[in-house]
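Trainee: I should like to go through this model term by term and ask how each label is justified.
Mentor: Please do; let us set each value against its criterion.

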Amino acid sequence: MKMLPFVSLSVLVLAVSCGALPRRPDPDRFMYNEGMLGGDIAGGYIRTTVDGKTAILPDDDYGLWTDAIIYYEVHSSAEYPCVETGIILHRCWSYVGMYKFGPQDLSIQIPGCDYKGIILHETMHAAGFFHEHTRFDRDDYVIIHWDNIMPGTESNFDIVTLTESQEFGVPYDFESIMHYHLDAFSSNGEDTIEPYGVWAGTDPGNAADQDFFAQSDIDELNALYCSKK
C-alpha cells in the first residue's frame, strides 16, 4: 500500500517587537495581502472562466484533511522590524484545504491577527472554505459595487463555481465567520458589498469582532467532514 506523506498545518505566530503598537481600528486590514485571493488566501485555488466570468476552483494539490483532523504545530518566528507606517509584513493568511504533499503554513501575526475571529477565519480556509461573499449564489443576496473597489483588487470578488462550492445547501449567511465586511477593499470609504431585498441593512461586521462560528459555519464543517467519517 502506498503511504501518503504526513501533512500538517504549520501555524506561523509572528510576534513583532515594536514597543506599544496600537490596535488598529480595523484589524481586518491585516487580512489584506497584495497578490493573495480575497486578501488572505495564499494558494489552494486556480482561476478559470465560466459563462464569460472569472471563477475560482480548488487546486488539485489540495483536499480534505484525513480523518477530519487538522494536525498543527505552532512556530515562533524571529522578530521582524517594524516599518514606520506600522504596517508589518506577513499578516494573516492561509491556504484553502490540506496540501497533499507536505506541511503548509497559516500566518497569525501578533499584534494584528491575534483575534479569535481572525484565527477562526483563517482556520476555516485551511479546512477548505472560501469567503462567503464569493459563493456562487452571492448575487441573490448582495450587490457588488465595482466602482468602489480599489483598482487591482477586483479579483477578490470573483465567485467560486457551483460545483466546487462547499455550501451543502446551507443558505448564504451574513453572520458567517467567512463573510467580509461591507466596505472590504474600498477605494473611497463607500461600501463594496451591499445586501439587498429582505437582507437590506444587514451588517456582517468585522471578523475580528466575531469570536464564534455561525451555525452555518458549523453546519458546513459537519457536512464536509463528519458525514464522510
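Mentor: Let us begin with Tyr-99, which is partly exposed, with a relative accessible area of 25%. Please keep in mind throughout that this is a predicted model.

Trainee: Why is Tyr-99 called partly exposed?
Mentor: Its relative accessible area is 25%, and the partly exposed class lies between the limits of 20% and 50%. Tyr-99 therefore belongs to that class.

Trainee: What makes Phe-101 exposed?
Mentor: The relative accessibility of Phe-101 is 52%, and exposed means over 50%, so the label applies.

Trainee: Why is the aromatic pair of Tyr-99 and Phe-101 called edge-to-face?
Mentor: The planes of Tyr-99 and Phe-101 stand at 75° to each other, and an angle over 60 degrees counts as edge-to-face. The centres are 5.7 Å apart, and rings pair if their centres lie within 6.5 Å.

Trainee: What makes the pair of Tyr-32 and Tyr-180 tilted?
Mentor: For Tyr-32 and Tyr-180 the planes meet at 40°, and planes neither under 30 degrees nor over 60 degrees apart count as tilted. The distance between the ring centres is 6.4 Å, which satisfies the limit of 6.5 Å for a pair. This pair links distant parts of the chain, as Tyr-32 is in the loop between β1 and β2 and Tyr-180 in the loop between β11 and β12, 148 residues apart. Both tyrosines, Tyr-32 and Tyr-180, are buried.

Trainee: Which aromatic cluster includes Tyr-32 and Tyr-180?
Mentor: That cluster is formed by Tyr-32, Trp-146, Phe-157, Tyr-180 and Phe-185. In the whole structure, the search finds 12 aromatic pairs.

Trainee: Turning to charged side chains, how do you know that Asp-158 and Arg-47 form a salt bridge?
Mentor: The N to O distance between the side chains of Asp-158 and Arg-47 is 3.5 Å, and the criterion is a nitrogen within 4 Å of a carboxyl oxygen. Asp-158 lies in the loop between β10 and β11, and Arg-47 in strand β3, so the salt bridge ties together parts that are 111 residues apart in sequence.

Trainee: Are Asp-158 and Arg-47 buried or exposed, or in between?
Mentor: Asp-158 has a relative accessible area of 12%, and buried means under 20%, so Asp-158 is buried. Arg-47, at 41%, falls between 20% and 50% and therefore counts as partly exposed.

Trainee: With which residues does Arg-135 form salt bridges, and how do you know?
Mentor: One partner is Asp-137, with the closest N and O atoms 2.8 Å apart. Another is Glu-220, for which the closest N and O atoms are 3.7 Å apart. Each distance is set against the limit of 4 Å. The pair of Arg-135 and Glu-220 links distant parts of the chain: Arg-135 is in the loop between α1 and β10, Glu-220 in helix α2, and they are 85 residues apart. Both Arg-135 and Asp-137 are buried, and Glu-220 is buried as well.

Trainee: Which residues make up the network of salt bridges around Arg-135?
Mentor: Glu-132, Arg-135, Asp-137 and Glu-220 are linked in that network. Over the whole structure, five salt bridges are found.

Trainee: Which residues does the UniProt annotation "binding site" cover?
Mentor: According to the unreviewed UniProt entry, it covers His-121, His-125 and His-131. Such annotations may be inferred rather than shown by experiment.

Trainee: Why are His-121 and His-125 called buried?
Mentor: His-121 has a relative accessibility of 0%, and His-125 has a relative accessible area of 0%. Buried means under 20%, so the label holds for both. His-121 is found in helix α1, and His-125 is placed in helix α1 as well. Beyond neighbours within four places in sequence, the contacts of His-121 include Asp-40, His-131 and Met-178. Among those of His-125 are Asp-40, His-131 and Met-178.

Trainee: What makes caution necessary over residues 78-89?
Mentor: There pLDDT stays under 50. Where pLDDT is low, the predicted coordinates should not be read in detail. The model has 18 contacts beyond four places in sequence for residues 78-89. Residues 1-7 also stay under 50. The chain averages a pLDDT of 80, and among its elements β10 has the highest mean pLDDT, 98, and β1 the lowest, 51.

Key
Residues are numbered from 1 along each chain as its sequence is written. This is a predicted model: local features need pLDDT of at least 70, side-chain atom pairs count only at pLDDT 80 or more; totals for chains, interfaces and linings use all residues. Side-chain values use heavy atoms; hydrogens and water are left out. Helices (H or I, at least four residues) and strands (E, at least two) are DSSP runs, numbered from the N terminus. Buried means under 20% relative accessible area, exposed over 50%, partly exposed in between (1.4 Å probe, protein chains only). Contact means heavy atoms within 4.5 Å. Rings of Phe, Tyr and Trp (its six-membered ring) pair if their centres lie within 6.5 Å; planes under 30 degrees apart count as stacked, over 60 as edge-to-face and the rest as tilted. pLDDT is the predictor's confidence in each residue, from 0 to 100.
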